Amino acid sequence: MSLPTTQPPADVQEYGRARHPFHITAEEERQLRLAGAKAVPSLVIGQATTFDEYARQLMIPPAVMDLARKAEDLRLSAWEIEALRTHLAPAGAPGDKVGLLRQILVEKYRHDQSHPPYIRVACSGRGDYDHLATEHGHLDPDDHPKGDIGSPVVLEIWPAQHYSPIHSHGHTTGIVFCLAGQLDVMVYEHLDWDARKLGLLTLTPGQCAWLSRDNYAVHRVYCPMDGGSGATGPGYMNSTSDFGASFHVYLNPEQTAVHDHDGDSYNRDSFDYIDEETKDRRAFATESDLSWEVLRRVLANTPQT
């Protein structure tokens, strides 16, 4: 399977021009990064090195801190990262076969070009594209039911220059823990195309962002690494194997002793988002693309160069 060849024209960074995915200028980015660094409670969970950082992290809910502590030693191994790169790599020439993850990206691209696709891997349950692993000999061809929804633990794989829509995690409580590469996270006041931006932060491996019903529930995630030619935006597909990866945990309200209902998306089975092209609010059933059980078997059998 080969990549789509259509790419947006190359763009040049301009100081005063708002660009995808955050639609901000360079000066606005600077201001939002400063705001993110001063946010209360802190946007990032880590080892505090100043009194101010300690005070801002002290206000993070205990349930969130517990999730972060349990995840703090998680990492992808060197062989897992290289195998992921192999399966994300674009075709060397038109018609060349590509790896499992690139196949999934191309399939998702064909169905929705409103934003560059990324991959959700359920750490429990099944994924919509698990059946593609039959090509690797890991599943029976008849054993591919539709993916489950609402996995509490998800690995997300972000090809370079790809990003999510603005979306809300509603009443869930959770973490976004960076495992590989680099990820930018923009946090919004509420779910709306024109919502006020609260802050922008960059995560590198070992760093953790978080969310709850009352804080930072609305965000957008973007991998700023080298995606090859063209400028990111709707209809974009990258041409490199660079990627970022993040580990996500989402607890429903009853799992954190907080239970209330105000009409927003209430649990992890469905999240609301803003369509990048129409600017309309839509619902996303949280189906995953792959299961971790299948993906890890594929990675383990991927030849190392």
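**Entry 1: the sheet.** I looked up the strand order in this predicted model. I found an open sheet of seven strands with mixed pairing, in the order β1-β8-β5-β10-β3-β2-β13. I then asked which strands stand at the edges. They are β1 (44-45) and β13 (290-291); each has a single partner strand, so one side of each is left without a neighbour in the sheet.

**Entry 2: one strand pair.** I turned to β3 and β10, which follow one another in the sheet order. I noted that β3 covers residues 153-159 and β10 residues 243-251. The two strands pair in the antiparallel sense, over seven bridges. For a single position, I looked up V154 and recorded H248 in β10 as its bridge partner.

**Entry 3: a helix on the sheet.** I next examined helix α3, residues 62-71. I found that α3 lies across β1, β5 (173-180), β8 (208-211) and β10. Its direction is at about 25 degrees to β5.

**Entry 4: the cavity.** I searched for enclosed space and asked how many cavities of 30 Å³ or more there are. The count comes to one. I recorded a volume of about 40 Å³ for the largest cavity. Its lining consists of L43, V185, V187, L201, A209, W210, Y216 and H219. I also checked which elements give two or more residues to this lining, and these are β6 (183-188) and β8. β8 also belongs to the seven-stranded sheet of my opening entry. By class, I counted seven nonpolar residues and one polar residue in the lining, with no charged residues.

Technical notes. Residues are numbered from 1 along each chain as its sequence is written. This is a predicted model: local features need pLDDT of at least 70, side-chain atom pairs count only at pLDDT 80 or more; totals for chains, interfaces and linings use all residues. Side-chain values use heavy atoms; hydrogens and water are left out. Two strands pair if DSSP finds at least two bridges between them. Helices (H or I, at least four residues) and strands (E, at least two) are DSSP runs, numbered from the N terminus. Contact means heavy atoms within 4.5 Å. Axes are lines fitted to C-alpha atoms, for helices over the stretch in contact, and angles run from 0 to 180 degrees between N-to-C directions. On a 1 Å grid over the protein atoms alone, a cavity is a set of points where a 1.4 Å probe fits but cannot get out, and a pocket is an open set with protein on both sides within 12 Å along at least five of seven lines; lining residues have an atom within 4 Å of a point. Grid points are joined across faces, edges and corners, and a volume is the space filled by probe spheres set on the points. Ala, Val, Leu, Ile, Met, Phe, Trp, Tyr, Cys and Pro count as nonpolar, Asp, Glu, Lys and Arg as charged, and the others, Gly among them, as polar.
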